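The exercises that follow ask for careful reading of a two-chain model, and each one is paired with a worked solution that proceeds step by step. Try each task on the coordinates before turning to its solution.

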Amino acid sequence: MTRKAFIEKALKAGIGLPFFSSLLLESCNRYDLDLPDLHGAFEGKVIIVGAGAAGLAAGHLLQRYDVDFEIIEAAPVWGGRMKKTADFADFPIDLGAEWIHTHPAILSDILSSPDIDADIDIIVYNPQTTQTWNNGRLRDHNYISKLYSEWKFKHTTWFGFFEDYIVPGIEDRITLNTPVVEVDYSMGKVQLKTETGQVLEADKVLLTVPLKILQSEHIAFVPMLPKAKTDAIGQVSVGDGIKIFVEFQDRFYPDMLSFGPILKAFREEEKFVYNAAFGKESSRHILGLFAINEKATAYTQLGTDAAIIEQFLAELDEIFEGQASASYVQHVIQNWSAEPYIQGAYSYDFEDRQWRVVEAIQEPVADRLFFAGEALSIDHQATVHGACASAFDAVARMLKES
Amino acid sequence: MQARYFLLLMILAGTTLQAQEQPPELHIGYFAPFGVQIGGSVAYTDVLKQPIGAHQWWWRAQAGYFAQPNVSDAVFLHPEVEYRRCRPGQYFYASSSIGSSLAYTLSKQEGTLNLASGTIDYQKEGSLYIIPRISLGIGVAPRKRLGGYLRASYGQQLGGDNGRQAFFSAAAGLAISMHSKP
């Protein structure tokens, strides 16, 4: 059962606290990501499609196991849904994945390199002031600080973590600006056709593209993927996603602002405003908006950045009595739905039982096509470390079954 | 103002007004602020005033510990006065109490993760809070040696940098009679 499903069932049963328990337990449990225990040698070539967290983590692992591999990325930058801006404020800002949703030791597990003897500063993300905006009323819920905590990077970002510790070792294996349009696995080797007509060949292919790309049939498969797999891919809902960061002259907002009744707001986790400078060494007042699904569509459907920021400032003005417009300095918008090779936020809901859907998507095809990504981590769906765990799992399957 | 309020309760709770017929109790139990934090407490509970019919008045001095995993650890002292409604000759009672905690919290603000070992060296910050709270509960007075209690509390956490915060907690545990009945 997903955390969301669990919370929903608990709430339907009139039990509020399990929701908070799940928040607490999720953040405090240490999740160990173990390196796959591999036996035997794989001599062939692997192509990883997608240079997001899963693709990069898989590359990092294949490099470690001395496997010949190449990472093909459609976009002009690697990172997928990890992205940063370093020049907006006096600290780097995550425009994509931002929070460390499990014990930070996971960073060490992802690297699994005892020879990297470096330190990384982290923030205990425990917002002290929380408010809700519901039916035109702003209410304090500061006790939420006693129920919720996660972690964030202090001086870097998720993108920066990969940039510093993973990408340098595999950078020469990453090819950018190369959208794959067809995967032909009808023969002994897998042939990948790119948008420019280039044909790449590999013994095995690991697809780590966002599910939305598979759902929109951006990539054709020859022969077509099994029906059970395409059905499962279609059973995952991936909605719109947007993040907005606004700098203000003054701080007039709490550490966290949710929308709607407190239980519903935190249960859905679809939209919140937060102090993006929380715990950072910053003298600037940077507010962040995180919105997914319909809450994001309300902005993305406006079309232009100008319309989006106007709408957002108007909302803030209503909540904070005009202080937003009066104090506005600058903004940056990251519309994930408008990214051609992302097209949305992340996996959110499953039409069938999550494990059943995930297993069907994960199942290798013809022992040559493998799949990984944030949606394919049953316990840590929609997280960077979940994407990495899924990549580790896919690599283990790939090399074990060789 | 907060400190004076706390001192007043300390004095009130520490004063036994009447000779006691019922033996004092030692309360040991689980203390869970917000239902999800974990902790424990031990308390000395004694009669404050001679019972009148079903009405009993007790005082209690409690000390305990609670933690928000990965975030903070806290120790507290909590004096309170308690009213129990317990029919003569019966052991089951309903109770309400009022008191104020003095809590010292050590919070993790940030840390340094060593990427080789996965260990984190945290920097911690201490804060002092006063938490006036009221409690409602039920219990079973020790018939011979052992009884039990169940309490829920609501209050306000005062102090620190972030103003008032609601505080609620649940507690359950054993009540141990400190004297054997003749």
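## Exercise 1: A glutamate in chain B

B:Glu80 has a relative accessibility of 1% and therefore counts as buried. The model is a predicted one, and the values discussed here are computed from it.

**Task.** Establish in which strand B:Glu80 is found, and identify the side chains with which the side chain of B:Glu80 makes polar contacts.

**Solution.** Step one is to place the residue: B:Glu80 belongs to strand β4 of chain B, which covers residues 72-85. Step two is to look for polar partners of its side chain, where one contact is made with the side chain of B:His78 at 3.1 Å, and another with the side chain of B:Ser97, also at 3.1 Å. Step three is to widen the view to charged groups, since B:Glu80 takes part in a network of salt bridges together with B:Glu25, B:Arg60, B:Glu82, B:Arg84 and B:Arg151.

## Exercise 2: One pair within the network

**Task.** Determine how far apart the closest N and O atoms of B:Arg151 and B:Glu82 are, and decide whether each of the two residues is buried or exposed.

**Solution.** Begin with the distance, which is 4.0 Å between the closest N and O atoms of B:Arg151 and B:Glu82, a pair that forms a salt bridge. Next, locate both ends: B:Arg151 sits in strand β7 (residues 146-157) of chain B and B:Glu82 in strand β4 of chain B, so that the pair links distant parts of the chain, 69 residues apart. Finally, apply the cut-off of under 20% relative accessible area for a buried residue. B:Arg151, at 7%, is buried, and B:Glu82, at 2%, is buried as well.

## Exercise 3: Salt bridges within chain A

**Task.** Which parts of chain A are tied together by the pair A:Glu98 and A:Lys243, and which are linked by the pair A:Glu315 and A:Lys271?

**Solution.** The structure as a whole holds 22 salt bridges over all chains, and two of them are taken in turn here. A:Glu98 and A:Lys243 form a salt bridge whose closest N and O atoms are 2.5 Å apart. Because A:Glu98 lies in the loop between β4 (93-94) and β5 (99-100) and A:Lys243 in strand β17 (residues 241-248) of chain A, the pair ties together parts that are 145 residues apart in sequence. Both A:Glu98 and A:Lys243 are buried.

For A:Glu315 and A:Lys271, the corresponding distance between the closest N and O atoms is 2.8 Å. This pair links helix α11 of chain A, where A:Glu315 lies, to strand β19 (residues 271-275) of chain A, where A:Lys271 lies, the two residues being 44 residues apart. A:Glu315 and A:Lys271 are both buried.

## Exercise 4: Where the chains meet

**Task.** Describe the contact between chain A and chain B, giving how many residues each chain contributes, what area is buried, and which side chains meet in a salt bridge.

**Solution.** First count the participants: chain A contributes 39 residues and chain B contributes 27 residues. Then consider the area, since about 2,700 Å² is buried between the two chains, with carbon and sulfur atoms giving 57% of it. Turning to specific interactions, the rule finds 1 salt bridge across the interface, in which the side chains of B:Glu110 and A:Lys154 meet at 3.0 Å, N to O. There are also 15 residue pairs in polar contact between the chains, counted with both residues at pLDDT 80 or more. On the side of chain A that touches chain B, α2 (17-28), α4 (105-111), β6 (119-125) and α5 (158-165) each supply at least two residues. That side of chain A has, by class, 21 nonpolar, 12 polar and 6 charged residues.

## Exercise 5: Backbone details in chain A

**Task.** Locate the residues A:Asn135 and A:Pro223, and examine the backbone at each.

**Solution.** A:Asn135 lies in the loop between β7 (130-134) and β8 (137-140) of chain A, and its phi is near 50°, a positive value in a residue other than glycine. With a relative accessibility of 74%, A:Asn135 is exposed. A:Pro223 lies in the loop between β15 (220-222) and α8 (227-234) of chain A, and the peptide bond leading from A:Val222 to A:Pro223 is cis, with omega near -10°.

Terms used. Residues are numbered from 1 along each chain as its sequence is written. Chains are lettered from A and ligands numbered from 1 in the order in which they are written. This is a predicted model: local features need pLDDT of at least 70, side-chain atom pairs count only at pLDDT 80 or more; totals for chains, interfaces and linings use all residues. Side-chain values use heavy atoms; hydrogens and water are left out. Contact means heavy atoms within 4.5 Å. Buried area is the accessible area (1.4 Å probe) that two parts lose on being put together, summed over both. A polar contact is a pair of N or O atoms within 3.5 Å; within protein, one must be able to donate a hydrogen and the other to accept it, and residues adjacent in sequence count only if both atoms are side-chain atoms. Helices (H or I, at least four residues) and strands (E, at least two) are DSSP runs, numbered from the N terminus. Ala, Val, Leu, Ile, Met, Phe, Trp, Tyr, Cys and Pro count as nonpolar, Asp, Glu, Lys and Arg as charged, and the others, Gly among them, as polar. Buried means under 20% relative accessible area, exposed over 50%, partly exposed in between (1.4 Å probe, protein chains only).
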